[in-house]
Amino acid sequence: MIGIEYSFQKLKVWQEAKKLVVDVCNLLDSFPKFEKYALCDQIRRAIVSVPSNIAEGSGRRSLKEKIHFLEISYGSLMEAFNQLLIAIDLTYITEESVESIKPSIDAVAKMINALCNTYSQKIEEQNSLKLLNS
């Protein structure tokens, strides 16, 4: 392990999103050479944004900010998936190759949503406590 372990590294959703980056980037190797700096770059940026925003959000103090970065992460995940679907239509990759990583995409999406829900519940609990104490 590299030096200090930060809190985001302990998050299962970050760990799975990081694995997904490797899977998607490996899939990009099969794209035609002329797409290496076009659609490939867009997909790479979108998929790398998923664990990056999870990590950035984990460093924020407020729950609202944490949720905001998780929402960005989810949006980037959907963007990358959409671009993979486009790549299928363009016959750059096969439907089977995307189907092989789809369970990981689904799992990361569910984990992001679950963490958002957890943070939202904590916000509601905090707000309820404030009302009780006032």
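Leaving aside its neighbours within four places in sequence, which residues is L84 in contact with? I'll come to that after a word on the model and its core.

What you see above is a predicted model. The largest nonpolar core in it has 40 residues. Inside this core, F31 and L84 are the residues with the most contacts. Four elements each give two or more residues to the core: α1, which runs 12-28, α2, which runs 39-58, and then α3 and α4. Of these, α4 gives the most, with 10 residues.

Now back to L84. With those sequence neighbours left out, L84 is in contact with V24, L27, I43, I93, V98, I101 and I105. You can pick them out one by one in the structure.

Next, a loop. α3 covers 63-89 and α4 covers 95-133, and T91 lies in the loop between them. What is the phi of T91 near? It is near 60°, a positive value, and T91 is not a glycine. For background, most residues other than glycine have a negative phi. Is T91 buried or exposed? T91 is exposed, because its relative accessible area is 67%, and the cut-off for exposed is over 50%.

Last, the other end of α4. S134 lies in the segment after that helix. S134 is exposed too, since its relative accessible area is 76%. How far apart are the C-alpha atoms of S134 and E96? They are separated by 58 Å, and the two residues are 38 places apart along the chain.

That is what I have on the core, the loop and the segment after α4.

Key. Residues are numbered from 1 along each chain as its sequence is written. This is a predicted model: local features need pLDDT of at least 70, side-chain atom pairs count only at pLDDT 80 or more; totals for chains, interfaces and linings use all residues. Side-chain values use heavy atoms; hydrogens and water are left out. Buried means under 20% relative accessible area, exposed over 50%, partly exposed in between (1.4 Å probe, protein chains only). A nonpolar core is a set of buried Ala, Val, Leu, Ile, Met, Phe, Trp, Tyr and Cys residues joined through side-chain atoms within 4.5 Å. Contact means heavy atoms within 4.5 Å.
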